[in-house]
Amino acid sequence: MKPLILLACASLLLVTGARCRDSQGTTHYSGVYISLGDSVAAGNGSSDKAATSYAALLARDEGNLDLRNYAVAGATTQDVIDKQLPDALSLDGEIAFITISVGGNDLAGLIPNAACRDETLPAACPLDETLRGVETRYSELVARLRAAHPDTPIVLLGYPNFFSGTGHVFEAPATRVMPRLDDVIRGAAAKYPHAGVADAAPAFEGRGRELTHVLDPQFDPHPTDAGHRLIADAFIAALAAIK
């Protein structure tokens with residue numbers, strides 16, 4: 001970027017906050033980055049949540065933003081609405097963008113049900129009912145954020161299959177159900193302006209051995225630092241695509 005254009009963009013940020021685009025179409029952000037969600041958003045699996053989690057990487061790469069990460073391990077969609085959304089809605093000042101990673105724990109509640117591990121899911125597995133609930137709660141979550149922050153980019157994580165390529169007993173069930181969860185997430189984003197989906201799934205396909213801790217001596221279905229980097233890159237790409 002030419003110096004004068006850079007100065008103009010910086011001046012605009014000081015006046016309007018949040019973001020501006022330079023002559024090359026690159027977006028520059030200021031203000032606060034809000035992260036909501038579950039253990040992936042909280043940084044589980046990273047060697048240093050404050051530096052190598054995807055939220056920390058995004059905050060650094062998109063302008064050394066003030067990160068407010070309200071994500072909590074184990075959070076479901078209802079938990080985010082009840083316990084994290086109030087903080088996001090009450091936050092004062094300019095918001096650069098908002099990211100959300102949630103829904104995996106809603107499906108994790110089905111794991112103890114042996115029927116949900118069958119190749120052809122029987123009626124005894126309440127997957128459809130669970131996904132309908134996730135869809136309803138995602139719609140509420142994004143709608144309330146959009147009402148409070150009309151022009152702020154909101155990006156939802158399209159979940160990777162962290163078990164892909166590991167041979168773990170959960171690989172096949174996850175391969176069947178994660179695309180359906182991601183369809184729900186894409187549908188939630190499509191309803192609102194300035195919203196998008198970070199599609200991290202392709203980067204993890206067949207690479208769970210190297211990008212997650214699934215096969216570590218102590219089982220941990222979360223991304224490594226390299227996995228968090230790829231998720232951050234997916235968010236960056238999604239942000240760039242939001243008009």
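**Core first.** I looked up the largest nonpolar core in this predicted model and found 39 residues in it. Ile-34, Leu-36, Ile-100, Tyr-138, Leu-145 and Leu-156 have the most contacts inside this core. I then asked which elements give two or more residues to it, and they are β3 (32–37), α4 (77–90), β5 (95–101), α6 (127–148), β6 (154–158) and α7 (171–190). The largest share, eight residues, comes from α7.

**Ile-100.** I picked this residue and listed what it touches, leaving out residues up to four places away in sequence. Ile-100 meets Leu-36, Phe-235, a run from Ile-154 through Val-155 and Leu-156 to Leu-157, and also Tyr-138, Leu-141 and Leu-145.

**Another core.** A second, separate core turned up with 28 residues, among them Tyr-54, Ala-55, Ala-96 and Ala-238.

**Helix α6.** How far apart are the end C-alpha atoms of α6? I found 32 Å, and this agrees with the span expected for 22 residues at 1.5 Å a residue. Next I checked which residues of α6 are buried; they include Leu-127, Leu-131, Val-134, Tyr-138, Leu-141, Val-142 and Leu-145. Thr-130, Gly-133, Ser-139 and Arg-146 are buried too. A handy reminder for reading such a list: residues three or four places apart in an α-helix point the same way, because there are 3.6 residues a turn.

**Whole protein.** I noted ten helices and nine strands. Of the 243 residues, 49% count as buried. The protein exposes about 11,000 Å², with carbon and sulfur atoms supplying 55% of that area. Among contacts with a separation of 6 or more, 72% join residues 24 or more positions apart.

Methods
Residues are numbered from 1 along each chain as its sequence is written. This is a predicted model: local features need pLDDT of at least 70, side-chain atom pairs count only at pLDDT 80 or more; totals for chains, interfaces and linings use all residues. Side-chain values use heavy atoms; hydrogens and water are left out. A nonpolar core is a set of buried Ala, Val, Leu, Ile, Met, Phe, Trp, Tyr and Cys residues joined through side-chain atoms within 4.5 Å. Buried means under 20% relative accessible area, exposed over 50%, partly exposed in between (1.4 Å probe, protein chains only). Helices (H or I, at least four residues) and strands (E, at least two) are DSSP runs, numbered from the N terminus. Contact means heavy atoms within 4.5 Å. Accessible areas come from the Shrake-Rupley method with a 1.4 Å probe; for residues, only the protein chains shown count as cover. The expected span of a helix is 1.5 Å times one less than its number of residues.
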